[in-house]
Amino acid sequence: MNGIDYDGQEFENARKEMDKLVQDSLKGREIKPNVLFAKLSDLSKGMSGKLVNWSRVNSLWPLQFGLACCAMELMDFASARVDAERKGFLMLRPTPRQADVMVIAGWVTKSMVPEIKRMYEQMAKPRYVIAYGECATCGGPWWESYNIIKGIDQVLPVDVFVAGCPPKPENLFGAMIKLQKKLGGDIEGR
Ligand code: SF4
């Protein structure tokens with residue numbers, strides 16, 4: 001056979017020598033993290049969080065859903081007289097999948113509880129509940145009824161309660177502003 005014959009130990013020594021050369025050549029080339037890029041990334045994360053919250057606060061989508069006489073006032077809330085859209089309370093949505101605010105307007109019978117819970121589960125997260133009127137808040141005139149629950153807060157987490165029998169649409173307007181405040185939106189003077 002032509003050429004030089006190497007035994008296993010010589011190959012091993014050569015490999016070690018090559019590894020050492022490679023390590024030595026890389027020593028002076030340590031790549032430091034890009035500080036500017038890291039800071040920009042933190043900044044964009046912080047800004048996007050604020051931007052998302054600003055968008056959320058200014059685009060609350062109530063669900064078009066009524067249970068009893070308070071629902072008449074809910075309809076008035078969507079009318080031109082109240083003009084709820086000027087504050088970012090957008091049009092009532094016909095499906096829970098497009099809504100994030102559930103306004104419980106009217107008394108809640110025990111048979112309706114599973115249906116209301118199902119609609120709540122179908123709503124976009126994060127989702128909010130407004131108990132609108134005496135019946136939704138505590139059972140109202142039906143406090144001692146056998147088939148009406150004593151407030152929607154017994155089955156769903158309520159963010160804002162609205163007193164009145166019935167409350168005015170303007171009270172719902174006020175409740176939405178309270179909800180905006182709760183979400184961290186600076187809504188004064190707008
Ligand atoms: S609070 Fe009064 S107006 Fe509203 S649903 Fe109850 S009884 Fe009707």
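**Figure 1. Confidence varies along the protein chain of this predicted model**. Confidence is lowest in helix α2 (residues 35-57), with a mean of 78, and highest in β2, at 96. The chain averages a pLDDT of 85, and 91% of the residues score at least 70. pLDDT is the predictor's confidence in each residue, from 0 to 100. Where pLDDT is low, the predicted coordinates should not be read in detail. Helices (H or I, at least four residues) and strands (E, at least two) are DSSP runs, numbered from the N terminus. Residue numbers start from 1 along each chain as its sequence is written. Because the model is predicted, local features need pLDDT of at least 70 and side-chain atom pairs count only at pLDDT 80 or more, while totals for chains, interfaces and linings use all residues.

**Figure 2. Three parallel strands form an open sheet**. The strand order is β1-β2-β3. β1 (101-105) and β3 (160-162) stand at the edges, each with a single partner strand, so one side of each has no neighbour in the sheet. The twist averages 20° from one strand to the next. Axes are lines fitted to C-alpha atoms, for helices over the stretch in contact; angles run from 0 to 180 degrees between N-to-C directions. Strands count as paired if DSSP finds at least two bridges between them. Five bridges join β1 to the parallel strand β2 (residues 128-132). Val101 has Tyr128 as its bridge partner in β2. Ala105 is bridged to Tyr132 in β2. Ile104 stands opposite Ala131, also in β2.

**Figure 3. Helices α3 and α6 pack on the sheet**. Helix α3 (residues 70-77) touches β1 and β2. The direction of α3 makes about 135° with that of β1. Helix α6 (residues 169-182) touches β1, β2 and β3. Its direction makes about 165° with that of β3. Contact means that the C-beta atoms of two residues, placed from the backbone, lie within 7 Å.

**Figure 4. β1 and β2 are covered on both faces**. Five of the five residues of β1 are buried, so this strand is largely enclosed by the rest of the structure. Val101, Val103 and Ala105 lie on one side of β1, with Met102 and Ile104 on the other. In β2, five of the five residues are likewise buried, so it too is largely enclosed. Tyr128, Ile130 and Tyr132 are on one side of β2, and Val129 and Ala131 on the other. A residue is buried if 20 or more other C-beta atoms lie within 10 Å of its own, exposed if 12 or fewer, and partly exposed in between, with C-beta atoms placed from the backbone.

**Figure 5. Twelve named residues can be traced around the ligand, beginning with Ala68, Cys69 and Cys70**. The shell continues with Gly106, Trp107, Gly133, Glu134 and Cys135. Gly140, Pro141, Cys165 and Pro166 complete the list. A residue is near the ligand if its C-beta atom, placed from the backbone, lies within 6 Å of it. The shell divides into eight nonpolar, three polar and one charged. Ala, Val, Leu, Ile, Met, Phe, Trp, Tyr, Cys and Pro count as nonpolar; Asp, Glu, Lys and Arg count as charged; the others, Gly among them, are polar.

**Figure 6. Gly140 sits in the loop between α5 (134-138) and β3**. It has 22 C-beta neighbours inside 10 Å and therefore counts as buried. Gly140 touches Trp107, Gly133, Glu134, Cys135 and Cys165, not counting residues up to four places away in sequence. Gly140 and Ser25 are 115 residues apart in sequence and 82 Å apart in space, C-alpha to C-alpha.

**Figure 7. Pro62 lies in the loop between α2 and α3**. Pro62 is buried, with 23 other C-beta atoms within 10 Å. Pro62 touches Phe89, Leu92, Ala99, Val101 and Val103, leaving out residues up to four places away in sequence. The C-alpha atoms of Pro62 and Arg127 are separated by 9.8 Å, although these residues are 65 apart along the chain.

**Figure 8. Backbone geometry in three loops.** Most residues other than glycine have a negative phi, and most peptide bonds are trans. A cis peptide bond joins Lys125 and Pro126, with omega about -5°. Pro126 is in the loop between α4 (113-122) and β2. The bond from Cys165 to Pro166 is also cis, with omega near -10°. Pro166 belongs to the loop between β3 and α6. Asp83 is not a glycine, yet has a positive phi of about 55°. Asp83 is found in the loop between α3 and β1. It is exposed, with 12 other C-beta atoms within 10 Å.
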